[in-house]
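Visitor: I'd love a close look at one part of this protein, with the surroundings filled in as you go. Could you walk me through it in one connected tour?

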Amino acid sequence: MPVIDDLRSRLQAADPASAAELLHSKARHLVDVMVPRRELDDGTLGFAARVQTTITLKLGDDATADTPTETITLIAERSQIRLHDPVLTLDGAMRLDLETRTYEAVGTSKVLWPGEEIRLRVGRGMDPLMRPTFGSLEISPLVNFGTDPVRSVQEVYLVADTPLGTLHNREPAVMVCELTKIPPIGQPYRQQGLVPLYNAAGQIVCMKIGTDSELTGLVD
C-alpha cells in the first residue's frame, strides 16, 4: 500500500530526523486516546488495575476425558502492568511492549474443591524467579487507534496454588485481546488453545481449558 511503502522507505533511508518526526506524530495521537501512565512500585511506568479473571479447569491430563470441570472467578485487587515507551518499526507501525509485573488473583472453588481457595500469581514483581509475562501490540499506519481494534497478545506464565499443590504451565498461555484503548478496561484477553498445568513432580494434573481476564478499573 502506498502509505506503508512511503513510511517504510523513509525509515529504511535511516534518516533519524524523519523517524523521530513519525514517532512523535503517532505518539501524540496515542496520548490523546490513552490514560496517562503512572509510576509503579518499582519506579517504572504503567498502570495499576483491578482484574477479574475466569478460568475453566478440568482435572487430569486429557481435555476430552469425562472428568470434573469447573469455571472459577478470581479477583486481583491491584495488578501492575508495565508499559514501555513506544517504538517505531521498519514497517511504520508503532509498537508497544508491556509486562505484567504483579498479579495475584484469589477465588473460591465450588465444584472441584468446595470451599477451597484458589490463588493465581503472575509476574516477576511477585517472585523474581518466576518466568516473566510479556505482551505487545502494533498499531499499523492505516489504523485509526481508538476506533479500529488492534490485536494485543500476551504470553502468560502463572503459578496456581490449589488443593492439588502448586501448579504451573511450562509453555506460555497465549492471551489475545482486540483492544481500542489503553489500558483496555472492559476489553478481555482470552486464552487461545489448551494450557496443561504441571505439579512439582512434573506431572500434568489439570488442564486450563479456558481463561478470560479483564481489567475492570484503575486503582492507585
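Let's start with R124: what is its relative accessible area, and how does that class the residue?

Guide: Happily, and please keep in mind that this is a predicted model. R124 has a relative accessible area of 30%, so this residue counts as partly exposed.

Its partner makes a good next stop. R124 forms a salt bridge with E99, and the closest N and O atoms are 2.9 Å apart. R124 sits in the loop between β6 (117-122) and β7 (134-139), while E99 belongs to strand β5 (residues 94-108), so the pair ties together parts that are 25 residues apart in sequence. E99 is buried, with a relative accessible area of 1%, whereas R124 is partly exposed. As a general point, side chains of opposite charge can pair when their charged atoms come close. The pair also belongs to a network of salt bridges that links D42, E99, R101 and R124.

Let me widen the view to other charged pairs. The structure holds 14 salt bridges. One of them joins the side chains of R121 and D161, at 3.0 Å from N to O. R121 is in strand β6 and D161 in strand β9 (residues 159-162), so this contact ties together parts that are 40 residues apart in sequence. D161 is partly exposed, at a relative accessible area of 21%.

Another salt bridge is formed by R37 and D85, with the closest N and O atoms 2.8 Å apart. Here R37 lies in the loop between α2 (16-33) and β1 (38-39), and D85 in the loop between β3 (69-83) and β4 (87-88), so parts that are 48 residues apart in sequence are tied together. R37 is partly exposed, with a relative accessible area of 26%, while D85 counts as exposed at 52% relative accessibility.

Now for the nonpolar side of the picture. The largest nonpolar core has 41 residues, and those with the most contacts inside it are L30, L57, I139 and I182. Setting aside residues up to four places away in sequence, I182 touches L30, V33, M34, V35, F47, L83, L96, L137 and F145.

F145 is also in contact with T180, a residue whose other contacts beyond four places in sequence are G146, T147, D148, P149 and Q187. T180 is found in the loop between β11 (173-179) and β12 (189-191). The side chains of T180 and Q187 are joined by a polar contact of 2.8 Å. V33 and T180 are 147 residues apart along the chain, with their C-alpha atoms separated by 8.9 Å.

Let's finish at a hairpin. Strands β13 (residues 195-198) and β14 (residues 204-218) run antiparallel and are joined by 4 bridges. L197 has C206 as its bridge partner in β14. Between the two strands of the hairpin lie 5 residues, and G202 in the turn has a positive phi of about 85°. C206 is buried, with a relative accessible area of 1%, and C177 is buried too, at 1%. As for disulfides, the structure holds 0.

Note on methods. Residues numbered from 1 in each chain as written. Predicted model: local features only at pLDDT ≥ 70, side-chain atom pairs only at ≥ 80, totals over all residues. Heavy atoms only, no water. Salt bridge = Lys/Arg side-chain N within 4 Å of Asp/Glu carboxyl O. Buried < 20%, exposed > 50% of the residue type's maximum accessible area, 1.4 Å probe, protein only. Pairing = 2+ DSSP bridges. Disulfide = S-S within 2.5 Å. Core = buried A, V, L, I, M, F, W, Y, C linked by side-chain atoms within 4.5 Å. Contact = heavy atoms within 4.5 Å. Polar contact = N/O pair within 3.5 Å; in protein donor to acceptor, adjacent residues only side chain to side chain.
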